[in-house]
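Me: I would like to practise reading a structure, feature by feature. Can we go through this one together?

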Amino acid sequence: MSKLAVKTALLATIVAGGAAMFEPEAQAAEPTATDEADPMTFARGAKTWSETCARCHNMRDPKELRDDQWRAAVAHMRVRAGLTGQETRDVLKFLQESN
Amino acid sequence: MKKNSRLGLAVVATMALAGPSPGWAQSDADRIAELEAKTAAMAEALEALQEELAQARESGTVRDTEELRSEVIKATQYAQRAQRAATEWKDTTSVTHLAGYASAEYVEPEDGNGAFTSNFNPMFHYMYSDRLLWESELAIELDENGETEVVLEYSTIDIFLNDNLILVAGKFLSPLGNFRQNLHPSWINKFSSAPPGFGHDGAAPAADIGLQLRGGANLFGNRKLTYAGYIANGPMLVGEDGEIHGIETEGVASDADDSKILGGRISFLPIPRLELGLSGAFGDAAVVENDDADLDGDPDRDYEVLGFDVTYQWQNLDLRGEYIMQDVADASTSVAPEGGKWESWYVQSAYKIGASANWEGVVRYTDFSSPHADESQEQWALGVNYLVTPNALIKVGYELNDGLGGEVTDADRWLIQVAYGY
């Protein structure tokens, strides 16, 4: 059973990650020029922030950190919570505009 | 006649050059007097001007004008530098950030001595551009004798390969299950203690050293998948009195069995606030320490981990449940031939109340089963939390413990904790 779980996780990791390798979209963790111009980035970020962060912990106030500190904190949470790059950019945009 | 004509012309010219005058009737003496008066007035005005200039110089007005011009230039340059400084910190390629958590705690067992304790877990984030993050956490704790223990909880370099995949290298928190990797920090854990079996040396692996690939992907609509797969050194076994005393899963920088562990977790979110996780790992493990003595050459044996976890939030309600199991196979030629299974599961419900949702009630049930009877424990935990801020909590809780009679696992406890995540 555990071997099945491991193989499933590894397969999903390889398939999802491998498929993403061929995606031409930006890999940046920070809002790109496209994100800056997209008026929905902020709204998507607010939605992801409210739905994802509370899965593990109480919601933190965006005013707790400066813009540059949020860069590192959100990158850390990307690793922890399994955020996609786009979700990370959206959430960072939301936090930086709400602090 | 010519002489008289020239004289007449000279008189006429002189009269014309004399300028405006009251008339031909004004005498030369009058004009001279008038000119003298004008000259005197001009001299007086000049003298006043000179005096005013002298006073201005004396008061520094003239000198200050030059200094003021210089200061304006300096202020302009300073403002330009300040303007650059105001924005450049946002645009640096490297970012450092100090995070972490700390707590102070008082624990009083029903038949023992109550005591205060404290711990501090600083976390360091070093980010280069948006491609690389080095993150480390130290666990600094006080033991029963007052000695300070420092443990490298984790230290990894995370390389963001693309939007859906991150390469993690170093010592990482075990991605198996949910509690150990995401919920154990004191400001996140809704009860002061970890569920039995989910702490150190229990059923849940704590950390490992190796390589990990992890990330997330959006599926159709709001559905989401997160995944993690890793290869690592794996655990080591500690023998005592001819049996396996415990599984060391803190992440060891050696691999006695020379066989790497493969493991991973996959979670599926059919709706945003419902997460279903499945974890597993397998490989070999060997006894490397027996009765406090190093051991070399003990045979390898199969080792595997299996886990399930579920999380669901609805408004102020937070529900969690998790099962985790570590199994070690028998090895007839080992100093500790008999294997064993360490397994634990818990369910937890927490609900926030109050106008600002800053009061929280928590109920948790855990059942931990170990090959050693003195470790097995069944526990009900009841708690009330006050959220000073979302990341600063005061927790008061009571554990109803049911273990082997006379052991600490059987003693009920009061726990009071102040926790802060920053």
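Me: Start with helix H2 of chain B. How many of its 32 residues are buried?

Reply: The model is predicted, so all that follows is read from predicted coordinates. A residue is buried if 20 or more other C-beta atoms lie within 10 Å of its own. In H2(B) the count of buried residues is zero, and the helix is hardly covered.

Me: What span should H2(B) have, and what span does the model give?

Reply: Use 1.5 Å a residue. The helix covers residues 28–59 of chain B, so 46 Å is expected. Its end C-alpha atoms are 46 Å apart, which agrees.

Me: Now chain A. What is its secondary structure?

Reply: Chain A has five helices and zero strands. From the N terminus, the order reads α-α-α-α-α. Of its 99 residues, 45% are buried. Take the contacts in chain A with a separation of 6 or more: 77% of them join residues 24 or more positions apart.

Me: Which residues of H4(A) are buried?

Reply: The list includes A:Trp70, A:Val74, A:Met77 and A:Val79. Two arginines are on it as well, A:Arg71 and A:Arg78. Several alanines join them, among them A:Ala72, A:Ala73 and A:Ala75.

Me: What does the length check give for H4(A)?

Reply: This helix takes in residues 67–81, 15 residues in total. At 1.5 Å a residue it should span 21 Å, and its end C-alpha atoms are 20 Å apart, so the two agree. A:Gly82 follows the helix, with a positive phi near 70°.

Me: How do I read helix packing? At what angle do H3(A) and H5(A) pack?

Reply: Look at the angle and the distance between the axes. H3(A), residues 40–52, packs against H5(A), residues 85–96, at about 100°, with the axes 7 Å apart. Angles of 65 to 115 degrees count as roughly perpendicular. That is why H3(A) is called roughly perpendicular to H5(A).

Me: Which residues make the contact?

Reply: H3(A) brings A:Thr41, A:Phe42, A:Arg44, A:Gly45, A:Ala46, A:Thr48 and A:Trp49. H5(A) brings A:Glu87, A:Asp90, A:Val91, A:Lys93 and A:Phe94. By type, the contact residues are five nonpolar, three polar and four charged.

Me: Back to chain B, and to strands. In what sense do E17(B) and E18(B) pair?

Reply: Antiparallel, over ten bridges. E17(B) is residues 359–369 and E18(B) is residues 377–389. E18(B) also pairs with E19(B), residues 392–403, again antiparallel, over twelve bridges. Two residues form the hairpin link from E18(B) to E19(B).

Me: Where can I see E18(B) pairing on both sides?

Reply: Look at B:Leu382. It stands opposite B:Val363. Its bridge partner in E19(B) is B:Tyr398. As a general guide, side chains in a regular strand alternate between the two faces of the sheet.

Me: What is the strand order in the open sheet of four strands?

Reply: The order is E9-E8-E12-E13 in chain B, with mixed pairing. E9(B), residues 243–248, and E13(B), residues 293–294, are the edge strands, each pairing on one side only.

Me: How do E8(B) and E9(B) connect?

Reply: They form a hairpin with two residues between them. B:Asp241, in the turn, has a positive phi of about 55°. Five bridges join the antiparallel pair. B:Val238 is matched with B:Gly246, and B:Gly239 with B:Ile244.

Me: Now single residues. Is B:Lys190 buried or exposed?

Reply: B:Lys190 is buried, because 24 other C-beta atoms lie within 10 Å. Its place is in the loop between H4(B) and E6(B). Its contacts beyond four places in sequence are B:Gln348, B:Ala350, B:Glu360, B:Val362 and B:Asn385. B:Gly361 is 171 residues away along the chain, yet the two C-alpha atoms are separated by 9.0 Å.

Me: And B:Gly421, buried or exposed?

Reply: B:Gly421 is buried too, with 22 other C-beta atoms within 10 Å. This glycine lies in E20(B), residues 413–421. Leaving out residues up to four places away, it touches B:Tyr101, B:Pro185, B:Trp187, B:Ile188 and B:Asn391. B:Pro390 is 31 residues from B:Gly421 in sequence and 9.0 Å away, C-alpha to C-alpha.

Terms used. Residues are numbered from 1 along each chain as its sequence is written. Chains are lettered from A and ligands numbered from 1 in the order in which they are written. This is a predicted model: local features need pLDDT of at least 70, side-chain atom pairs count only at pLDDT 80 or more; totals for chains, interfaces and linings use all residues. The expected span of a helix is 1.5 Å times one less than its number of residues. A residue is buried if 20 or more other C-beta atoms lie within 10 Å of its own, exposed if 12 or fewer, and partly exposed in between; C-beta atoms are placed from the backbone. Axes are lines fitted to C-alpha atoms, for helices over the stretch in contact, and angles run from 0 to 180 degrees between N-to-C directions. Angles under 35 degrees count as roughly parallel, over 145 as roughly antiparallel, 65 to 115 as roughly perpendicular and the rest as oblique. Two residues are in contact if their C-beta atoms, placed from the backbone, lie within 7 Å. Ala, Val, Leu, Ile, Met, Phe, Trp, Tyr, Cys and Pro count as nonpolar, Asp, Glu, Lys and Arg as charged, and the others, Gly among them, as polar. Two strands pair if DSSP finds at least two bridges between them.
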